[in-house]
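Student: I have a structure to go through with you. Can we take it question by question?

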Amino acid sequence: MEEKETVDQAILAEDLSKQIKYNFFDYFLVKPLDPIKVTKEFSKPVPAGTPAKDKDGIEAIDFDNVETEVKEVDSDFRRGIVLKRSLYYENSKDNFGSAEIKIGDTVIFRETAGIRFDLLKDSRLLRQFDIIGKVNDNN
């Protein structure tokens with residue numbers, strides 16, 4: 001089911017790309033997908049008892065133990081579909097081979113990377129070095 005959605009998104013990205021009237025010199029236009037959820041452990045100090053006053057009358061709580069809590073949170077990374085490629089990237093003489101980033105590819109990037117592009121709803125402009133990698137559809 002997920003593979004079919006990816007194929008549909010690639011076709012949709014190709015069609016949408018042709019309708020976007022902007023060309024970007026140094027940026028890729030990417031449509032972020034839903035956040036990736038990950039499980040992380042958090043350490044939380046546990047009070048050893050009730051607050052006690054020291055000789056100066058200041059109340060202090062000792063934290064001798066640490067409790068580990070597991071939560072599901074948003075990842076620091078995000079997936080997105082490439083809608084437009086940078087003109088510099090397209091005109092590059094380098095041979096990227098299988099690493100070439102094409103319109104419709106699913107890429108991964110840091111959540112904080114890039115610039116929000118408000119001329120196209122929920123899209124982001126990323127430089128080539130902001131893109132960490134491509135999602136491999138063969139797995």
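Student: In E9, which residues lie on one side and which on the other, and are they buried or exposed?
Tutor: This is a predicted model. On one side of E9 sit Ser-123 and Leu-125. On the other sit Arg-124 and Leu-126. Both faces are covered, and the four residues are all buried.

Student: How confident is the model in E9, and where is confidence lowest?
Tutor: The protein chain has a mean pLDDT of 85, and 88% of its residues reach 70 or more. Where pLDDT is low, the predicted coordinates should not be read in detail. E9 has the highest confidence, at 96, and the lowest is in helix H1 (residues 2-19), at a mean of 69.

Student: How many helices and strands does the protein chain have, and in what pattern?
Tutor: The chain holds two helices and ten strands. Read along the sequence, the pattern is α-β-β-β-β-β-β-α-β-β-β-β.

Student: What is the strand order in the open sheet that holds E9?
Tutor: The sheet has six strands, with antiparallel pairing. Its edge strands are E8 (115-117) and E10 (131-134), each pairing on one side only. Neighbouring strands are turned by 45° against each other on average, direction ignored. The order is E8-E9-E1-E6-E7-E10.

Student: Which residue of E9 stands opposite Val-30?
Tutor: Strand E1 (residues 28-32) pairs with E9 (residues 123-126) in the antiparallel sense, over three bridges. Within this pair, Leu-29 stands opposite Leu-125. The residue opposite Val-30 is Arg-124.

Student: What is the bridge partner of Ile-115 in E9?
Tutor: E8 and E9 run antiparallel and are joined by three bridges. They form a hairpin with five residues between them. The partner of Ile-115 is Leu-125.

Student: Which residue in the turn of that hairpin has a positive phi?
Tutor: Most residues other than glycine have a negative phi, and most peptide bonds are trans. One residue in the loop between E8 and E9 has a positive phi of about 50° although it is not a glycine. That residue is Asp-122.

Student: Is Asp-122 buried or exposed?
Tutor: Exposed means over 50% relative accessible area. Asp-122 has 51%, so the residue counts as exposed.

Student: What is the bridge partner of Pro-32 in E6?
Tutor: E1 runs antiparallel to strand E6 (residues 77-84), and four bridges join the two. E1 is mostly covered, with four of its five residues buried. In E6, the partner of Pro-32 is Gly-80.

Student: Which elements give two or more residues to the largest nonpolar core?
Tutor: This core has ten residues in all, including Phe-28, Val-30, Val-107, Phe-109 and Leu-126. Ile-131 and Tyr-89 are also among them. The elements asked for are E1 and strand E7 (106-110).

Student: How many residues are in the second, separate core?
Tutor: Its members include Ile-20, Ile-81, Leu-83 and Ile-103. The count is nine residues.

Student: Leaving aside neighbours within four places in sequence, what is Val-107 in contact with?
Tutor: Val-107 belongs to the largest core. Its contacts include the core members Val-30, Val-82, Ile-101 and Ile-131. The others are Arg-78, Arg-79, Gly-80, Gly-133, Lys-134 and Val-135.

Student: Where is Arg-127 found, and which residues is it in contact with?
Tutor: Arg-127 lies in the loop between E9 and E10. At 28% relative accessibility, Arg-127 counts as partly exposed. Neighbours within four places in sequence aside, its contacts are Asp-26, Tyr-27 and Phe-28.

Student: What separates the C-alpha atoms of Arg-127 and Phe-25?
Tutor: The two residues are 102 residues apart along the chain. Their C-alpha atoms are separated by 9.8 Å.

Student: What share of contacts with a separation of 6 or more joins residues 24 or more positions apart?
Tutor: The pair Val-107 and Val-30 is one of the contacts in the chain. For the protein chain, the share is 70%.

Student: What percentage of the residues is buried, and how much area does the protein chain expose?
Tutor: Of the 139 residues, 25% are buried. Carbon and sulfur atoms supply 49% of the exposed area. That area is about 10,200 Å².

Note on methods:
Residues numbered from 1 in each chain as written. Predicted model: local features only at pLDDT ≥ 70, side-chain atom pairs only at ≥ 80, totals over all residues. Heavy atoms only, no water. Pairing = 2+ DSSP bridges. Axes fitted to C-alpha atoms, helices over the stretch in contact; angles between N-to-C directions. pLDDT = per-residue confidence, 0-100. Core = buried A, V, L, I, M, F, W, Y, C linked by side-chain atoms within 4.5 Å. Buried < 20%, exposed > 50% of the residue type's maximum accessible area, 1.4 Å probe, protein only. Contact = heavy atoms within 4.5 Å. Areas by Shrake-Rupley, 256 points an atom, 1.4 Å probe, with all protein chains shown as cover.
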